[in-house]
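User: I would like to learn how to read individual features of a protein model with some care. Could you take me through this one step by step?

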Amino acid sequence: MILQKHPLIGQLFVQKCSLPPARLEEGLLAQKREGGRIGEVLVRLNYLAHDAVLFALSEQWQIPYCPSLDIKEINPLLVAKVPISFAKRHVFLPYKDTENTVDVAASDPLNLTALDDLRLLLGRPLSVIAVPYSEVIKAIHHAYELATNAAAEVISDLSGENLSLLAEELAEPEDLLDANDEAPIIRLVNAILFQAVAQRASDIHFEPFEKDLVVRYRIDGLLYNILSPPKRFQSSLLSRIKIMAGMNIAEKRLPQDGRIGLKIAGRDIDIRVSDVPTPYGERIVLRILDKSTMLLNMEDIGLAPNGLAMMERLIHLAHGMVLVTGPTGSGKTTTLYVCLNKINASDKNVMTIEDPIEYQIKGIGQIQVNPKIELTFANGLRSILRQDPDVIMVGEIRDAETAQIAIHASLTGHLVFSTLHTNDSSGAITRLLDMEIEPFLITSSVAAIIAQRLIRLICPSCRYSYQPTSEEFEKLGLKREDRSLLFYRGEGCSNCMQTGYRGRSGIYEILLLDDALKEMIVSKADASQIKMKAISRGMVTLREDGARRVMDGMTTTEEVLRVTQIEMT
């Protein structure tokens with residue numbers, strides 16, 4: 001038998017992956033110094049991507065290469081034979097049963113020891129397919145999600161025996177997908193949490209009524225009924241959540257707050273828990289914060305090109321105040337985080353005072369409000385000013401004291417970002433005046449006020465076009481020459497829970513305080529007059545920015561009218 005000669009891997013990197021020969025030489029020198037595989041060294045030097053190295057290896061050893069996996073081909077019976085911890089540690093997944101072998105997706109097809117263990121575990125010969133790391137991990141999470149009991153299925157297994165004892169179980173799995181605990185209540189809570197993360201829910205509501213308990217998820221800003229467990233499980237179910245959150249399960253008359261830290265499908269999840277008493281039992285709401293979610297770039301939050309240019313100028317001001325306004329849940333904090341992330345640099349001291357800290361940003365000093373020890377926004381802001389900051393973010397201006405300190409900070413050489421709860425940009429002026437802030441202080445400190453809303457985006461899987469009616473054009477304030485445009489809707493599919501929407505983005509109204517507007521503020525003109533003047537000077541309203549997103553095919557007329565209804569009055 002004549003052994004086939006394999007080409008050198010370095011040659012394949014140059015020929016198949018367009019690696020410059022000079023960089024290959026640098027990698028070989030680094031390999032001599034540090035050791036390890038040449039592919040790993042080149043990835044570490046950022047000369048090659050993991051996927052390119054894997055492709056070259058597949059060429060060298062004549063192993064089939066597949067850039068992605070079809071999740072429909074995954075055989076749950078094969079998955080059930082392999083512990084998830086084993087699959088995740090070695091990053092491979094047996095997914096298809098052929099006549100003589102088992103197809104295995106592997107991100108490292110040369111890990112022969114682990115593949116031998118898998119062959120012994122399955123008792124079958126293996127056919128290895130080289131698949132990129134990210135694709136294998138995604139397939140693993142999907143495969144074991146299918147193998148995990150759904151919340152509705154768990155309920156059918158629940159027994160009324162010893163439920164109070166089951167709720168006292170304290171052991172937490174490292175990852176909810178790895179949970180082997182068969183206690184029914186624990187399995188039910190785990191399934192509810194897992195499904196919430198899988199369906200992109202931002203909140204989970206446990207709502208007790210006279211004869212039943214309702215579990216609802218908030219997805220893309222709207223609540224959906226998910227589950228209605230039998231009333232007899234209410235006490236044990238809520239007790240389990242309170243134990244996980246470190247709350248007092250004996251106290252059922254007073255409101256409580258807690259926190260749960262979990263890892264779900266490889267993602268770090270932080271859950272804030274709020275518990276309040278009602279006549280039919282405790283009502284618990286869980287706010288889900290996905291720590292693994294990357295901060296958005298400013299280009300990704302929905303700003304129009306002219307709005308993006310204005311924001312770029314505002315965040316690079318030497319001093320002044322930028323206010324972001326809107327109702328609860330309109331994305332104000334996310335906008336502030338995006339701004340801070342953009343200007344965060346080693347030559348700037350950026351500090352925040354927040355309630356709560358939703359995302360940790362490397363390089364920024366973040367302070368959590370704690371009223372129990374009198375660490376309020378105002379007191380925290382005073383302390384920050386003694387820390388020589390360049391940029392300050394105040395989570396929310398709630399009272400006159402905080403407003404006064406923030407404004408004086410902006411007048412003394414600091415760039416200050418904060419939020420206000422008002423319906424539109426001009427309403428923020430009235431709100432500050434109501435807090436007894438002098439008009440001359442507002443005009444001297446505030447550079448811009450940004451009002452925003454979150455709109456749901458059309459699901460790309462079921463999107464279709466249609467010819468809009470004249471009434472739609474009129475409601476959006478569009479001109480006649482725009483009427484040849486096609487609008488889009490979502491029909492509803494399994495990817496969007498039959499809603500026609502998936503994901504959200506922002507619409508914005510940016511009010512820049514120029515000399516004309518400052519004169520109106522000093523003369524104490526009302527909000528509507530200020531708004532009309534700003535529009536005459538080129539300000540784009542929320543409704544107009546929403547119409548732009550409709551014309552771009554990103555959202556629907558109904559969605560824009562829903563979130564900007566305050567302008568219809």
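Analyst: In this predicted model, Ile 219 stands opposite Leu 222 of strand β6, and this pair belongs to two strands, β5 (residues 213-219) and β6 (residues 222-227), that are joined in the antiparallel sense over five bridges.

User: How many residues lie between β5 and β6, and which residue in the turn has a positive phi?

Analyst: The two strands form a hairpin with two residues between them, and Asp 220 in the turn has a positive phi of about 55°. A second hairpin can be read in the same manner: strand β1 (residues 92-97) runs antiparallel to strand β2 (residues 102-106), with five bridges joining them, and here four residues separate the strands. Within this pairing, Leu 93 stands opposite Ala 105 of β2.

User: What should I keep in mind about side chains in a strand, and is Val 104 buried or exposed?

Analyst: The general idea is that side chains in a regular strand alternate between the two faces of the sheet. Val 104 lies in strand β2, and it counts as buried because its relative accessibility is 0%, where the cut-off for buried is under 20%. Beyond its neighbours within four places in sequence, Val 104 is in contact with residues that include Phe 92, Leu 93, Pro 94 and Tyr 95, as well as Leu 115, Leu 118 and Leu 126. Its C-alpha atom is separated by 9.3 Å from that of Val 131, which is 27 residues away along the chain.

User: Where do the buried residues of helix α13 fall when one looks down its axis?

Analyst: In helix α13 (residues 305-315), the buried residues are Gly 307, Leu 308, Met 310, Met 311, Leu 314 and Ile 315. Seen down the axis, they fall within an arc of 160°, so they line one face of the helix. Pro 305 and Arg 313, on the other side of α13, are exposed. The elements against which the buried residues pack are β10 (320-325), α14 (332-343), β14 (415-420), β15 (446-458) and β18 (501-512).

User: How many of the residues of helix α11 are buried, and what does its length tell me?

Analyst: Of the 15 residues of α11, 14 are buried, so this helix is largely enclosed by the rest of the structure. For its length, one compares an expected span with the modelled one: at 1.5 Å a residue, α11 (residues 184-198) should span 21 Å, and its end C-alpha atoms are 21 Å apart, which agrees. Arg 200 follows the helix and has a positive phi, near 65°.

User: Why would one look for groups of nonpolar residues, and which residues touch the most other members of the largest nonpolar core?

Analyst: One looks for them because nonpolar side chains tend to be buried together in soluble globular proteins. The largest nonpolar core here has 37 residues, and those touching the most other members are Met 321, Leu 323, Ile 397, Leu 432, Ile 437 and Val 446. Helix α16 (residues 400-411) gives the most to this core, with five residues. Leu 323 shows how such a member is surrounded, since residues beyond four places in sequence that it contacts include Ile 397, Leu 420, Leu 432, Val 446 and Ile 450. A second, separate core of 33 residues includes Tyr 217, Phe 233, Ile 260 and Leu 262.

User: How does Thr 557 compare as a case, and what does it touch?

Analyst: Thr 557, in helix α23 (residues 557-563), counts as buried at 2% relative accessibility, and it touches Tyr 466, Glu 472, Leu 476, Phe 487 and Val 550, leaving out residues up to four places away in sequence. Gln 467, by contrast, is in the loop between β16 (463-466) and α19 (470-476) and counts as partly exposed at 48% relative accessibility.

User: Where does pLDDT stay under 50?

Analyst: Where pLDDT is low, the predicted coordinates should not be read in detail. The chain has a mean pLDDT of 85, with 89% of its residues at 70 or more, but pLDDT stays under 50 over residues 159-173, for which the model has 26 contacts beyond four places in sequence. It also stays under 50 over residues 1-5, where the model has one such contact.

Note on methods
Residues are numbered from 1 along each chain as its sequence is written. This is a predicted model: local features need pLDDT of at least 70, side-chain atom pairs count only at pLDDT 80 or more; totals for chains, interfaces and linings use all residues. Side-chain values use heavy atoms; hydrogens and water are left out. A nonpolar core is a set of buried Ala, Val, Leu, Ile, Met, Phe, Trp, Tyr and Cys residues joined through side-chain atoms within 4.5 Å. Buried means under 20% relative accessible area, exposed over 50%, partly exposed in between (1.4 Å probe, protein chains only). Contact means heavy atoms within 4.5 Å. Two strands pair if DSSP finds at least two bridges between them. The arc is that of the directions from the helix axis to the C-beta atoms. The expected span of a helix is 1.5 Å times one less than its number of residues. pLDDT is the predictor's confidence in each residue, from 0 to 100.
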